[in-house]
Amino acid sequence: MKGVKNGGARKRVSAAWGRLKWPGLLAVVLLCLGAVVVVGMVPGLLSIPKPSPTIPAWQQEPGHLTDANGVLPLDADAPIPLPAEVTKLLDATLKPDGAGTISGVVMDASTGQVLFDRNANDNRIPASNMKLLTAVAALKALGPESRFTTRVLASDDPSTVVLTGGGDVLLGSSASDPSALLGRAGLASLAKDTAEALADAGVKGPVTVQVDDSLFAGAPLNPAWSLDDVAAGETAPLFSLALNSGRFSPGVVTGPRPQDSAVTTAQAFAEQLAAAGVSVTPGVERGKGLPAKVLATAESATVSEQVDLMLETSDNFLAEALGRMTAGASGQKATYDGATAAVRQRLGELGIATDSMQLADVSGLALENQVSARQFADVVRAITSGPDLALRTALDGFPVAGLTGTLDDRYVDASTAEGAGLVRAKTGTLNTVIALSGYVVDADGRLLVFSFIGNGLDPGAAGNKVAMDRSASVLASCGCRG
C-alpha cells in the first residue's frame, strides 16, 4: 500500500508539474528574449572588457636618454684615423663593376693629412663634380648674400619697354614670392609695376615689348657639349634671363627646353603686361633700354641659395649662369671661356692648385674637363674648414645620403645604409663616368673629406654607384684606429 500511496503522490506531483511546466517555460523564453533585446540596445552590457593594447616600447616616451654609440659631435681632440686602416677598408669597397678605374682620396678636414690616396693627382673627367668648383668661385666672386636684378627699362620711344636680364634664370611667371627660390622674382609683379609706371607717365599704348639679354656674351651654346645632351634637355642655350632655370614649367625637369629663353621670358612678360591692363603689340624683339629710366625691378634669391640649389639638384643651366656671373665679377668676359677662366682664378686665390686642370665648362657636361680627386678634396676642405667663411654657405647644398637631392634614392640597401643621413656629397654621372665628392663625420667625431672618381666604366653598371656609396659609408662608421 505504501507503494500505491507513493505512486499516487508521484502522479499528483506530475500532474501539478504538468500544469506549471508550459507557463514556466514560456516565461523563461520571454525573459531570454527580453535580455537579448536589452543587450542589443546597450552594446557591451554583458561583454567582458578587453585589456588595453600594449604600446610597443619604441612608441613609448623614453625614461632616460640612451647612451650614445653612433656618430659623435666634432671633437678637435678626436683621434685621426690611421691611413693603413682607411686604406684597407677602401681597397675592399672601391672597386669598379667591370671595366674602368676609380681614383680617390680621403683627407682629415682639420689638418689636411691624407688618409687614403689612389692615384689622387691623376686628371679625371669629373662630370657634375665640376659644380663644386663653380660653387666656391661664385661665392668668392659674388658674395653669398648678393642678388641679381631683372629690370624693365623705358626707351627712347615712350611706347616701348625693355625687359633687361640681370643674370636671374630662376624667374617665375606669376607674382614674386619672397619665400621661394624658384620664382623669387616674378613676371606678374614686374608687369604690374610696369603698368603702374606707364599709367603715371600717361602712356596709353599699344606698348611694344623688347628684351635685352646682352649681359652674357659669346655663343649661347657651348661647343664642347654633345648635341644629344642638349636635345635630351640636360641643358640649353644660355641667356641672361630665363624662366624656371631654362624650363617650360617648374614642375617638369626633363625633356626639351626653350632654345631662346630670353625671348620665351619676354613673351611671358608681355602676356602678364596685357593681363595687367596694358594694350600690348604682338611679338617680341631684342633692343636696349635707357638705364636711367627704370620702370620696375625684381630681385632674385641670394647667390648662396642659388648655389645650394645647383649642388642639390645638379642643375646644369643654373651652374652655367652662375659661371657667367662669376666671370663678370672677376673682370672676365661673360662667356663660356670667361667662366672657366674665372673659376680657375678664384680657386687659385684659395690656394688650390689649378695648373693641371683642363676646364671646358663649369657644369660638368663636357668630356674635355680634367680635374683630379685631390683637387676636389681640396675644394671640399675649403668649404668645410677653410678660412673663407663665405664658403660655409655651400654646406647645405650637398645632397644628404638617402634623403635629399641627387642622393635621395641611394644608400638604401644593406651594404650602404649605414651611410644614410650621414654622408653628404656631390654626385657626378656621365655615360662612363661616376664621381662622388663630399664630407662625413666618422664614428669618433672626426670630419673627413673625400673624392672618388671613376672613368672608363661600363655604362649602366649598377655596382659602380654602390662601390662609391659603400666607400663613403665605411668612412662614416670608421674609427679606424687599428
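# Notebook: pockets, a sheet and some distant neighbours

**Entry 1, the largest pocket.** I started with the open spaces, and the largest pocket holds about 870 Å³ of space. I then looked up its lining, which has 38 residues; the closest to the centre of the pocket are Glu234, Thr313, Ser314, Asp315 and Asn316. A reminder to myself before going on: this is a predicted model.

Which elements each supply at least two residues of this lining? I found α7 (303–313) and β10 (424–430). The largest share comes from β10, with 4 residues. Sorting the lining by class, I noted 17 polar, 12 nonpolar and 9 charged residues.

**Entry 2, the second largest pocket.** Next I turned to the second largest pocket, with about 200 Å³ of space. Its lining includes Leu350, Gly351, Ile352 and Ala353. Further along the chain I also picked out Asp378, Arg381 and Ala382 among the lining residues. Ser385, Gly386, Pro387, Asp388 and Leu391 belong to the lining of this pocket as well. By class, I wrote down 6 nonpolar, 3 polar and 3 charged residues for the second largest pocket.

**Entry 3, the sheet as a whole.** Now for the strands. I traced an open sheet of 5 strands, and the order across the sheet is β7-β6-β5-β4-β8, with mixed pairing. Which strands sit at the edges? They are β7 and β8 (294–299), since each of these pairs on one side only. From one strand to the next, I noted an average twist of 20°.

**Entry 4, walking across the sheet from β7.** I began at one edge. Strand β7 (residues 280–286) is joined to β6 by 4 bridges, and these two strands run parallel. For a pair to look at on screen, I chose Val211, whose bridge partner in β7 is Arg286.

Is β6 mostly covered or mostly open? Strand β6 (residues 207–212) is mostly covered, with 5 of its 6 residues buried.

On to the next neighbour: strand β5 (residues 160–164) and β6 are joined by 5 bridges and run parallel. Here I found Thr160 standing opposite Thr208 in β6. I also followed the path that links this pair of strands. Together, β5, helix α4 (residues 187–200) and β6 make a right-handed β-α-β unit.

**Entry 5, on to the other edge.** Between β4 and β5 the direction changes: 4 bridges join these strands, and they run antiparallel. How many residues does the hairpin between β4 and β5 pass through? I noted 5 residues for this hairpin. In this pair, Arg151 has Thr164 in β5 as its bridge partner.

The last step takes me to β8. Strand β4 (residues 149–154) is joined to β8 by 5 bridges, and the two run antiparallel. I looked up two facing pairs here. Thr149 stands opposite Glu299 in β8, and Val152 stands opposite Ala296 in β8.

**Entry 6, neighbours far apart in sequence.** I finished with residues that lie far from each other along the chain and asked how they sit in space. Met325 has its place in helix α8 (residues 316–329). Buried or exposed? Met325 has a relative accessible area of 13%, so this residue is buried. The cut-off I used for that step is under 20%. Met325 and Phe148 are 177 residues apart in sequence, and their C-alpha atoms are 9.1 Å apart in space.

I met Met325 again when I looked at Gly166. Where is Gly166? I found Gly166 in the loop between β5 and α4. Gly166 counts as buried because its relative accessibility is 13%. From Gly166 to Met325, I noted 159 residues in sequence and 9.0 Å in space, C-alpha to C-alpha.

My last stop was Phe450, which is found in strand β12 (residues 447–455). Why does Phe450 count as buried? The reason is its relative accessibility of 0%. Phe450 and Val105 are 345 residues apart along the chain, yet their C-alpha atoms are separated by 5.6 Å.

How values were computed
Residues numbered from 1 in each chain as written. Predicted model: local features only at pLDDT ≥ 70, side-chain atom pairs only at ≥ 80, totals over all residues. Heavy atoms only, no water. Buried < 20%, exposed > 50% of the residue type's maximum accessible area, 1.4 Å probe, protein only. Pairing = 2+ DSSP bridges. Right-handed = clockwise from strand over helix to strand, strands pointing away. 1 Å grid on protein atoms, 1.4 Å probe; cavity = no way out; pocket = protein on both sides within 12 Å on 5 of 7 lines; lining within 4 Å. Points joined across faces, edges and corners; volume = space filled by probe spheres on them. Nonpolar A, V, L, I, M, F, W, Y, C, P; charged D, E, K, R; others polar. Axes fitted to C-alpha atoms, helices over the stretch in contact; angles between N-to-C directions.
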